[in-house]
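Here are a few exercises to work through with the model open beside you. Try each task before reading its solution.

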Amino acid sequence: MAVGAAFCVLASSCGKSTEKTEMQQKVEEYAWFDLKSDLVEGLTEKEKQMLPIFVKIADIMDGLFWKQTFGDKALLDTIHDKWARDYAMINYGPWDRMDDNRPFIAGYGAKPDGCRYYPQDMTKEEYEAYADPDKGSLYTVLRRADDGSLRTVWYKDEYRAELTEVCALLDEAIALAEDAGLKTYLTERKKAFQTDDYLASDMAWMDMKESRLDFVVGPIENYDDKLNEAKAAYEAYILLKDERRSAELAKFIAMLPQLQMELPCEPQYKTFVPGTSSDLNVYDVVYYAGDCNAAGKTIAINLPNDDRVQAAKGARRLQLRNSMQAKFDKIMLPIGELVLEPELVQHLKFDAFFWNVTFHEVAHGLGVKQTINGKGSVDDALKTEKTSWEEAKADILGLFMVCNLIEKDEIHDISVEDAITTYIAGILRSVRFGAASSHGKANMMCYNYMEQAGAFVRDAEGLYRIDFDKAKEAVNSWAALILKTQGDGNFEFARQYREANSHIGEGLQHDLDRINAAGIPRDIRFNQGIEVLGLN
């Protein structure tokens, strides 16, 4: 697409104005937050020396994600409106990720479903007719051969220049690493960048139990590929482990098999046995780059995604407490005070938010991974519906487990009413990310199911009243329906149900309009880097 010399922001004037433009208002929906941590002081000198190296690698991941999701980052140089340029940086391109990917720069149409992972002119029929078995790999792109036919290119070749630089930087970090687990992980991750085989490095990451410094880096999630949900996007997080808070969560790992057996569904849908080598730890995140930094920011990590690793070793659930606290303070609490009946506001608590998010990540490792009727893996059977339903599962099973553990007196600092109230307010926070993403569709399916089940009602003034008994019943029945849909591999039902129930209704839209009019931020953005950490 040709880029003109000057762009106007859609639906706003190119001229100067004393009032805020629509684009300025959009940018200011992202509240600034300094991404720093007191945990830096506990690092050794060599660990502190590794941080700038990790930042350099993360910045390369950021550039690679630009290439994958949009293309030439030079777009930014063509935008002369300060606020439009800022918003393009937030969204990694000219499409608003929290508004169904609508373009906000004149001259751009709809965002390509396949981003830059596929030729822009490739049709779905052409893709399906292409017989290469590697076409659906997480780590390949499709390109045109000289004769116009499709060809498959591995990431290691497509992004060779950048990855060569990454590997050189990893050598520097490996030389500094004092923790044996971290050194092994970084060594294996370097090999993975060179081979596009990430299994050994994922296994090594699972075995990295003691390091206070963590670096999640590489092509990981496939949410950005809306064509096939098949291509992994580059990203990076730099993390510092909160050892005291992590120790408090350790007891829940041994409980995973029992939690699996207590899921509210028929026995055949919970035969998967979760690994107990899983980690459930608390971190401060001190750097985001690439996919995880695009628009709405991640506040918890559940990895690896590879079912082979999950079956052998479980998964690691990393709770990003400083980012989580920022979102609660700046966004969720003001939303709850605006939309909840006054007597319910007392149940809106950060600890409830923390536990709900924590067990959302735990829930990804529970349930069913293989269909019960020979249709293969749940992911293969549900195809393009897999991610939305998986996120809905994690949402509702997370709340189920929190309530279950409160009633068993395993979680002491909140009540069931706190967990449910905070969860419902949390949907109104999350759905502002837009209904276009897999997470957005999941949020709406959860909201609409619980509303239809009578878990909450809106009064004449638009305030939410919660029926806690009906809410608990809705949690159980919605969880059972999700697990059955996944276990049966029922793609057609999943698609039809999602199409009918992932919309934003009139009442909810009114609530969202009130939230927006109140000037409550939509999400956060970061001042981050070595200077912010005080290490310059």
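**Exercise 1.** Is the crossing of H13 and H14 left-handed or right-handed? Work out how the two helices are oriented and which residues they bring together.

*Solution.* This is a predicted model, so start by locating the helices: H13 covers residues 321–339 and H14 covers residues 350–363.
- Step 1: their axes lie 10 Å apart, and the packing angle is about 125 degrees.
- Step 2: angles of 65 to 115 degrees count as roughly perpendicular and those over 145 as roughly antiparallel; H13 and H14 are therefore oblique to each other.
- Step 3: the crossing of H13 and H14 is right-handed.
- Step 4: from H13, Arg321, Met324, Gln325, Phe328 and Met332 meet Phe350, Phe353, Phe354 and Val357 of H14.
- Step 5: sorted by class, this contact has seven nonpolar residues, one polar and one charged.

**Exercise 2.** In what order do the five strands of the open sheet lie? Find its edges, then see what packs on it.

*Solution.*
- Step 1: the order is E6-E7-E8-E10-E9, and the pairing is mixed.
- Step 2: E6 (213–219) and E9 (300–303) each have a single partner strand, so one side of each has no neighbour in the sheet.
- Step 3: E6 runs antiparallel to E7 (residues 234–241), joined by seven bridges; Asp214 is opposite Leu239 in E7.
- Step 4: H8 (residues 199–207) packs on the sheet and touches E6, E8, E9 and E10, with its direction at about 65 degrees to that of E10.
- Step 5: H13 also packs on the sheet, touching E8 and E10, and its direction makes about 75 degrees with that of E8.

**Exercise 3.** Where does pLDDT stay under 50?

*Solution.* The chain has a mean pLDDT of 92, but the value stays under 50 over residues 1–17.

Methods
Residues numbered from 1 in each chain as written. Predicted model: local features only at pLDDT ≥ 70, side-chain atom pairs only at ≥ 80, totals over all residues. Heavy atoms only, no water. Axes fitted to C-alpha atoms, helices over the stretch in contact; angles between N-to-C directions. Helix = DSSP H or I, 4+ residues; strand = E, 2+ residues; numbered from the N terminus. Parallel < 35°, antiparallel > 145°, perpendicular 65-115°, else oblique. Left-handed = near helix turned anticlockwise from the far one by under 90°. Contact = heavy atoms within 4.5 Å. Nonpolar A, V, L, I, M, F, W, Y, C, P; charged D, E, K, R; others polar. pLDDT = per-residue confidence, 0-100. Pairing = 2+ DSSP bridges.
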